[in-house]
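User: Hi! Could you walk me through this one? I'd like to get a feel for the fold and any odd spots in the backbone.

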Amino acid sequence: MFTRLRHFTGMRGIATVPSYVIMQPTTLCNLDCAYCYLPLRAADRRMTLAVAEAAAATVNRWAGRAERFSVVWHGGEPLAAGREHLAALMAPFTGVEHHVQTNATLIDDAWCEFFARYEVRVGVSVDGPAPRTAQRVDRGGGPAYDKIMKGIATLRQHDIPFAALCVVSQPEPGLASELYTYFCDLGCHALGINVEEQEGVNTRTNRHAAQAVRDFWAELTVAWRADPRVEVREVEWAVRYAGAWLADQADELLPRSIDPIPSIGYDGGVVLLSPELAGFSDERYGDFSSGNVLRTPLADIISKAAGNPAGWIAEYLAGVEACRAECPYFGFCGGGHAANRFFEHGRFDGTQTNHCRNSKIGLLEGVLDHVRDHSGVA
Ligand code: SF4
């Protein structure tokens with residue numbers, strides 16, 4: 001179905017206003033997961049109030065003009081910053097939705113009261129039943145599963161809704177249906193699945209047999225369709241795209257320009273497009289930072305990068321155009337993430353990565369395999 005090229009008009013250049021920002025309240029994480037990409041997770045470098053205030057000065061203007069605007073607190077482990085400090089960092093923001101992505105191990109009654117008071121949307125990271133979550137370990141190498149479950153049980157006692165994020169390191173038969181049943185029982189309202197990525201300090205390969213990946217996504221689609229209780233992010237993307245394609249409206253799904261996704265580090269440094277690049281540097285590209293909110297308003301940092309793309313950002317935009325010219329999946333994918341290109345290819349203007357084979361091409365084809373198997377369409 002997706003072997004022929006179509007001309008897609010979205011994802012041209014970088015938008016000057018993002019749809020959300022990512023804030024790093026601390027670099028520290030109390031866990032030490034085997035696949036983690038974060039370089040500074042053993043160090044407790046905390047964001048200062050001055051950084052939060054400087055970011056909020058721009059974000060509050062954007063939020064005032066948008067229907068919804070999200071501030072995502074992502075570490076390290078954001079709860080490792082402590083309730084008092086996180087509350088102080090959130091205080092300058094107005095009119096935004098706060099989100100945390102947490103490993104859940106620190107969640108207790110007091111954190112649940114905090115989430116309720118500040119209306120924080122909670123995402124927890126867990127990879128399935130204990131043996132599937134065995135790569136999530138504490139700093140002594142011990143399994144974190146029981147602590148994760150305790151945190152999730154506390155969320156449930158307080159009726160705090162939560163989404164789950166699951167890393168799959170090895171797609172294999174039976175895994176997708178096992179995971180879907182598990183997450184239905186866990187009580188999350190939404191599920192995202194990341195096939196493990198080779199990025200940051202995680203240099204493990206993410207090359208998998210194409211058929212194994214397709215079969216994983218097809219099996220997940222079967223499980224979801226049999227009992228669509230939990231919203232499965234990736235399957236919904238693929239189903240929406242396939243529907244738009246059949247209605248000849250696929251070109252309307254991609255945003256017109258690329259979301260800059262500013263990620264504001266603990267020290268105020270701003271990395272655009274891929275938060276996974278923060279904390280790294282390279283001989284050719286420097287430290288990937290586009291500026292610092294303590295010196296330049298966030299709006300100006302993004303406007304400059306969008307209006308006059310230079311360095312690695314210009315190279316990334318060339319990569320997106322190469323994808324548009326060559327890849328039949330561009331309308332679904334939009335050109336992939338900068339960090340996947342860099343950490344797999346060592347540069348930004350390549351096209352296919354293992355990540356896009358696993359999580360874009362394999363996903364779309366797997367969902368379509370399911371449709372073909374159940375509709376009689378060849
Ligand atoms: S990143 Fe991969 S799937 Fe996406 S458009 Fe480029 S080549 Fe295609």
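User: Let's start small. Where does G76 sit?

Analyst: Happy to help, and keep in mind that this is a predicted model. G76 is in the loop between β2 (70–73) and α2 (83–90).

User: And what is the peptide bond from G75 to G76, cis or trans?

Analyst: That bond is cis, with omega near 10 degrees. For context, most peptide bonds are trans.

User: Which residues of α2, just after that loop, are buried?

Analyst: H85, L86, A87, L89 and M90 are buried in α2. The buried residues of this helix pack against α1 (49–65), β2, β3 (97–102) and α3.

User: Back to odd backbone spots. What is the phi of E119?

Analyst: E119 has a positive phi of about 50 degrees, although it is not a glycine. You'll find E119 in the loop between α3 (109–117) and β4 (121–125).

User: Is E119 buried or exposed?

Analyst: Exposed, because its relative accessibility is 59% and the cut-off for exposed is over 50%.

User: What about L273, what is its phi?

Analyst: L273 is not a glycine either, and its phi is positive, near 75 degrees. L273 belongs to the loop between β9 (269–271) and β10 (289–292).

User: And is L273 buried or exposed?

Analyst: L273 is buried: its relative accessibility is 7%, and buried means under 20%.

User: I see F288 in that part of the chain too. Where does F288 lie?

Analyst: F288 also lies in the loop between β9 and β10. With 1% relative accessibility, F288 counts as buried.

User: What is F288 in contact with, leaving aside its neighbours within four places in sequence?

Analyst: Quite a list: V270, V271, L277, F280, S281, D282, W312, F342 and F348. As for distance, the C-alpha atoms of F288 and A278 are separated by 7.0 Å, with the two residues 10 apart along the chain.

User: Okay, changing topic to the sheet. How many strands form it, and in what order?

Analyst: There are 10 strands in an open sheet with mixed pairing, ordered β7-β6-β5-β4-β3-β2-β1-β8-β9-β10. At the edges are β7 (231–232) and β10, each of which pairs on one side only.

User: How does β1 pair with β2?

Analyst: β1 (residues 20–23) and β2 run parallel and are joined by 4 bridges. Within that pairing, M23 stands opposite W73 of β2.

User: And how many bridges join β4 to β5?

Analyst: There are 4 bridges there, and β4 and β5 run parallel. One pair to look at is V122, whose bridge partner in β5 is F162.

User: How many residues of β5 are buried?

Analyst: 5 of the 7 residues in β5 are buried, so the strand is mostly covered. Helix α5 (residues 175–186) lies across β5 (162–168), β6 (190–195) and β7, at about 160 degrees to β5.

User: Which strands does α7 lie across?

Analyst: α7 (residues 233–246) lies across β5, β6 and β7 as well, running at about 90 degrees to β6.

User: Where is G151, and what is it in contact with beyond its neighbours within four places in sequence?

Analyst: G151 lies in helix α4 (residues 145–157). Setting those neighbours aside, G151 is in contact with A104 and I107. G151 counts as buried, at 0% relative accessibility.

User: Now the ligand. Which residues are around the ligand?

Analyst: C323, C327, F330, C333, G335, G336, T351, Q352, C356 and I361. Two helices, α10 (330–333) and α12 (354–375), each supply at least two residues of that shell.

User: How many nonpolar, polar and charged residues does the shell have?

Analyst: By class, the shell has 6 nonpolar and 4 polar residues, with no charged ones.

User: I notice cysteines in that list. How many disulfides does the structure hold?

Analyst: The structure holds 0 disulfides.

User: And is C327 buried or exposed? Same question for C356, buried or exposed?

Analyst: C327 counts as buried at 18% relative accessibility. C356 is also buried, at 12%.

Terms used
Residues are numbered from 1 along each chain as its sequence is written. This is a predicted model: local features need pLDDT of at least 70, side-chain atom pairs count only at pLDDT 80 or more; totals for chains, interfaces and linings use all residues. Side-chain values use heavy atoms; hydrogens and water are left out. Buried means under 20% relative accessible area, exposed over 50%, partly exposed in between (1.4 Å probe, protein chains only). A residue is near a molecule or strand if one of its heavy atoms lies within 4 Å of it. Ala, Val, Leu, Ile, Met, Phe, Trp, Tyr, Cys and Pro count as nonpolar, Asp, Glu, Lys and Arg as charged, and the others, Gly among them, as polar. Contact means heavy atoms within 4.5 Å. A disulfide is a pair of cysteine sulfur atoms within 2.5 Å. Two strands pair if DSSP finds at least two bridges between them. Axes are lines fitted to C-alpha atoms, for helices over the stretch in contact, and angles run from 0 to 180 degrees between N-to-C directions.
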